[in-house]
Amino acid sequence: MGKIIQQLISPTFEASHTKTYELSILVGVDSFGFAILSDQQRLLALRQYSLEDRPLDADMLEQLHRKDELLSASFRNIRLAFATPRQVIVPDRLYNPDDHLTYLEGTTRLSDRDTVLADQVASLHTCFVYAVEDSLEAAARRLFSGCRIFHLGHVLLEGQRRLVNHKDGAYFHLLDGHLFASVLQNGALAFFNAYRYRSAKDFVYYAMLVFEQAGLSAESTRVYLSGQLVEASEIYRLLARYLPLMEFMDTRAIFKFDLENDREVAYQYFDLLSLSLL
C-alpha cells in the first residue's frame, strides 16, 4: 500500500474539525502525499508515502483512502495535483481544447488507458496539457468528491508567483528524481520543462541545460530551490559550483507552522503548500 516516510501533526489539529479544513493531495511519480491546512493557512497535518518505486494506480489509491483515517475524512475543500512529466505547455493564444492529443503526441507516448487533461494558468497566459491514467483520474474524482485537479506545474508557478512576486530567475523543484524547472523573465513565463535525473551529475547537467536554453547568465541569475533537497546533499554542493546565487523558497510569509524545523518544511513541501493557494 505504501510506507509513511514523513508525518507531521500540529498540536492544534482537531480530527473532529476536518469539515472546516482544506486538503491538498499530491500524486507524485512514485510517491503520494497530502497536507491539511486551516482557513488561516496553518499547516495542521502532513503525511508523505513512499510507493517503493511503484507508480500510484487506482487500486492503491483506494487502499490509501480506506486505511488512512485522515485522508478519508470530510473536508471543506479538496485540491489534487498530478506530478506527471508527461506534459506539454501551450501559450493561451495557441491553445485549442479540441487538439489535446495533438499537443502531446509529438513528445509523449499515449495508450488507450490514458486520459488527457488541460490546466490553464490564467496569471501567466499559458496552459498545461498532460496525460494521466484514466482509471486513476476516475478513482481520484470518486474518492475525493468535488476535488479540483491541477498539474504540478501550475501549482509550482502559482506558488512562485505568490511568494516571490514574479521575480526573474530560475526555479528548480525536485520531486521523485525529477527536476521541474521554470524560468521567469520580465515577470513572464519564459521556460518550463521536467527532466528525469539519476545522479547529482545528471541533475547539474539538466540545470545548466535550462540556463543554456533560456539564455541565462550563471553568474547573475538568481536560482530558487524547493522540494526534495538539503544543503548537505551532493546535488546542492555540485550546483553551487556553477550557480552562486541560490536560495531556498520560503513559504513562511504566507503559511504558519507549529514546528521547530519550519524552514525545511517550508521549502521541502512547497508543492503541497502551494496547491492550497489555487
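**Two open sheets, a pocket and a cavity**

Five strands form an open sheet in the order β12-β11-β10-β13-β14, and their pairing is mixed. At its edges stand β12 and β14 (246-248), each of which pairs on one side only. From one strand to the next, the twist averages 20°. The model described here is a predicted one, and this sheet is a convenient place to start reading it.

Within this sheet, strand β10 (residues 169-175) and β11 run antiparallel to each other and are joined over seven bridges. One point of register is easy to find by eye: Ala170 stands opposite Val183 in β11. The two strands make up a hairpin with two residues between them, and in the turn Asp176 has a positive phi of about 50°.

On to the next pair, where β11 and β12 are also antiparallel, over eight bridges. Here Ser182 stands opposite Phe192 in β12, and Gln185 faces Ala188 of β12 in the same way. This hairpin, too, has two residues between its strands, and Asn186 takes a positive phi near 55°. Asn186 is not a glycine, yet its phi is positive. The residue sits in the loop between β11 (178-185) and β12 (188-196). Is Asn186 buried or exposed? With a relative accessible area of 75%, Asn186 is exposed. Strand β11 itself is mostly covered, with seven of its eight residues buried.

Helix α4 offers a useful landmark for the five-stranded sheet. The helix lies across β10, β11, β12 and β13 (223-227), and runs at about 130° to β10.

The second sheet to consider is built from six strands. This open sheet has the order β1-β4-β3-β2-β5-β9, again with mixed pairing. Its edges are β1 (3-9) and β9 (148-151); each has a single partner strand, so one side of each is left without a neighbour in the sheet. Neighbouring strands are turned by 15° against each other on average, direction ignored. At the β9 end, strand β5 (residues 77-82) and β9 pair in the parallel sense over four bridges. In this pair, Leu80 stands opposite Ile149 in β9.

Two helices pack on the six-stranded sheet. Helix α3 (residues 134-143) touches β2 (22-27), β5 and β9, and its direction makes about 165° with that of β5. Helix α4 (residues 152-164) likewise touches β2, β5 and β9, but its direction is compared with that of β9, with which it makes about 85°. Helix α4 therefore has a place in the description of both sheets: it packs on the six-stranded one and lies across four strands of the other, namely β10, β11, β12 and β13.The open spaces in the model come next. The largest pocket has a volume of about 460 Å³. Of the 20 residues that line this pocket, Val29, Pro55, Leu56, Thr84 and Arg86 are the closest to its centre. Which strand gives the largest share of the lining of the largest pocket? That share, three residues, comes from strand β8 (residues 126-133). Sorted by class, the lining of the largest pocket has 10 nonpolar, three polar and seven charged residues.

Just before β8 in the chain there is a residue with an uncommon backbone setting to look up. His125 lies in the loop between β7 (114-121) and β8. Its phi is positive, about 55°, although His125 is not a glycine. His125 is exposed, with a relative accessible area of 56%.

The structure also holds one cavity of 30 Å³ or more. The largest cavity has a volume of about 30 Å³. Its lining consists of Leu8, Ile9, Ser10, Leu43, Leu44, Ala45, Phe257, Asp258 and Leu259. Strands β1 and β4 (43-50) each supply at least two of the lining residues, and the largest share, three residues, comes from β4. By class, the lining of the largest cavity has seven nonpolar, one polar and one charged residues.

Key. Residues numbered from 1 in each chain as written. Predicted model: local features only at pLDDT ≥ 70, side-chain atom pairs only at ≥ 80, totals over all residues. Heavy atoms only, no water. 1 Å grid on protein atoms, 1.4 Å probe; cavity = no way out; pocket = protein on both sides within 12 Å on 5 of 7 lines; lining within 4 Å. Points joined across faces, edges and corners; volume = space filled by probe spheres on them. Nonpolar A, V, L, I, M, F, W, Y, C, P; charged D, E, K, R; others polar. Pairing = 2+ DSSP bridges. Axes fitted to C-alpha atoms, helices over the stretch in contact; angles between N-to-C directions. Contact = heavy atoms within 4.5 Å. Buried < 20%, exposed > 50% of the residue type's maximum accessible area, 1.4 Å probe, protein only.
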